Every structure is written in C-alpha cells, then in structure tokens.
Amino acid sequence: MRKSIYILAIACTILQLSSCKTETNKNLVKEVNFTKEGELSLFSMKDSISSVITKLDIEIADNDYQIQTGLMYRKSMLDSQGMLFIFEDEVPRSFYMKNTEFALDIIFINKENKVISIQKNAQPLDESSLPSNGPAQYVLEVNANLTDNWGLKAGDSITFTKM
C-alpha cells in the first residue's frame, strides 16, 4: 500500500511539472520584429509629372514561406514601414487578414510598377478574400488609412531597392 501511494505521489509530481513546462513554453513565443530589407518610394502622376508621395523602409516577402506568412503574428508596424510581396508572375491576386492583428491597406501593383488597385482598411483577423482589380506582380502592405492620407490612387507608381 505504501509503495502504491509513493508511485501515485511521483506520478502527480511528474504531471504537475509537465503542465508547468507547457505553461512556460507558451510564454517563450518570440514576437516577430521588422527587418529592413530595402527601401520603396511611392510617386503620384499629375500631368505626366511624377512627384514623391512618401518613402518607406520595407521588408520583402519573396519566397513561399514569407509570402504565406506576411505580417501575421505581429502587433503593429510603423507608418514609415511596409511589406512588399514580390511574385514571379503577374496574375490577379487575392489576400486575406488571417492571423494579422492590425488593419492594413493592401496595394496591388503591376509589373510596370503601377498601382492597379487598393484594398483599404482591411480588418484584423478577417479571412474574407481581398482581390486585386487586375493582374499584379507586387503587393505592398502598409498601415490602414495611409493610402488616403497620401492620396494614393490607381496609376501612381513605385520604385524599390533591395539591400
């Protein structure tokens, strides 16, 4: 009987320690931080004259994992930052906000670096499809409402450099 109680006590201790370990592991999830990988400029076109709207530090998503993850699991991004998705081909695109915790403007850009459409104020954690209005090779994500503040519209353009 004494041996059974001793075994039961050890089993309870092991169970308790393993559940503590699980709780500790939950706290070890590391927040994803912005990594500057390039710079991007947005230009407006008025009467065939281009003028700089703004310049951004960008993080680049150009492989399957980065493209699928995007800005998921992040708490925020500075207004001076954005994420540029670079695709190999130009086709109609659709994005969604799964596991993205802050609102975004999603800018679809064709292979000539021209803005073709903007999905404004995409809401956090919303899995609704947010499509482009035509073929896009690039997609730029910035904080919500910035495109309105900048006056960005279809026909405006970008240039970017990788570091």
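This is a guided tour of the structure, stop by stop, for use with a viewer.

**Before selecting anything**

The model is a predicted one, in which local features need pLDDT of at least 70 and side-chain atom pairs count only at pLDDT 80 or more, while totals for chains, interfaces and linings use all residues. Residues are numbered from 1 along each chain as its sequence is written, and side-chain values use heavy atoms, with hydrogens and water left out.

**The whole chain**

Begin with a cartoon view, where the protein shows three helices and seven strands; here helices (H or I, at least four residues) and strands (E, at least two) are DSSP runs, numbered from the N terminus. Read from the N terminus, the order of elements is α-β-β-α-β-β-β-β-α-β. Switching to a surface, the protein exposes about 10100 Å², of which carbon and sulfur atoms supply 53%, with areas taken from the Shrake-Rupley method with a 1.4 Å probe and, for residues, only the protein chains shown counting as cover. Of the 163 residues, 37% count as buried, where buried means under 20% relative accessible area, exposed means over 50%, and partly exposed lies in between (1.4 Å probe, protein chains only). Among contacts (heavy atoms within 4.5 Å) with a separation of 6 or more, 67% are accounted for by residues 24 or more positions apart.

**First stop: the phenylalanine cluster**

Select Phe85, Phe87, Phe95 and Phe108, which ring pairs link into a cluster. Rings of Phe, Tyr and Trp (its six-membered ring) pair if their centres lie within 6.5 Å, and planes under 30 degrees apart count as stacked, over 60 as edge-to-face and the rest as tilted. The count by this rule is four aromatic pairs. In one of them, Phe85 and Phe95 meet edge-to-face, at 4.9 Å centre to centre and with 90 degrees between the planes. Phe87 and Phe95 also form an edge-to-face pair, at 6.4 Å centre to centre and with 85 degrees between the planes. Phe85 is buried, with a relative accessible area of 1%, and Phe95 is buried with 10%; Phe87 is buried as well.

Now add Arg93, which lies over the face of Phe87 at 3.7 Å from the ring centre. A charge sits over a ring if NZ of Lys or CZ of Arg is within 6 Å of the ring centre and within 35 degrees of the ring normal.

**Second stop: the largest pocket**

Keep Phe85 and Phe95 selected and add Ile67, Gln68 and Tyr96: of the 18 residues that line the largest pocket, these five lie nearest its centre. A pocket is found on a 1 Å grid over the protein atoms alone, as an open set of points where a 1.4 Å probe fits, with protein on both sides within 12 Å along at least five of seven lines; lining residues have an atom within 4 Å of a point. The largest pocket holds about 280 Å³ of space, the volume being the space filled by probe spheres set on the points, which are joined across faces, edges and corners. Two or more lining residues come from each of α2 (64-69) and β3 (81-95), and β3 gives the most, with five residues.

**Third stop: Met72**

Move to the loop between α2 and β3, where Met72 is placed. Met72 counts as buried at 12% relative accessibility. Leaving out residues up to four places away in sequence, Met72 touches Tyr96, Lys98, Asn99 and Thr100. A C-alpha distance of 8.8 Å separates Met72 from Val32, 40 residues apart along the chain.

**Fourth stop: Thr54**

Which residues should be shown around Thr54, beyond its neighbours within four places in sequence? They are Leu40, Ser41, Leu42 and Trp150, each in contact with Thr54. Thr54 itself belongs to strand β2 (residues 49-61) and counts as buried, at 17% relative accessibility.

**Fifth stop: helix α3 and the loop before it**

Select Thr147 in helix α3 (residues 146-150), which is buried with a relative accessible area of 0%. Apart from neighbours within four places in sequence, Thr147 is in contact with Asp105, Ile107, Ile118, Lys120, Val142 and Leu152. From Thr147 to Lys120 the C-alpha to C-alpha distance is 7.6 Å, across 27 residues in sequence.

Asn145 sits in the loop between β6 (130-143) and α3 and is partly exposed, at 40% relative accessibility. Its phi is near 80 degrees, a positive value in a residue other than glycine.

**Last stop: Asn113**

Finish in the loop between β4 (104-109) and β5 (115-122), where Asn113 lies. Phi of Asn113 is near 70 degrees, again positive in a residue other than glycine.
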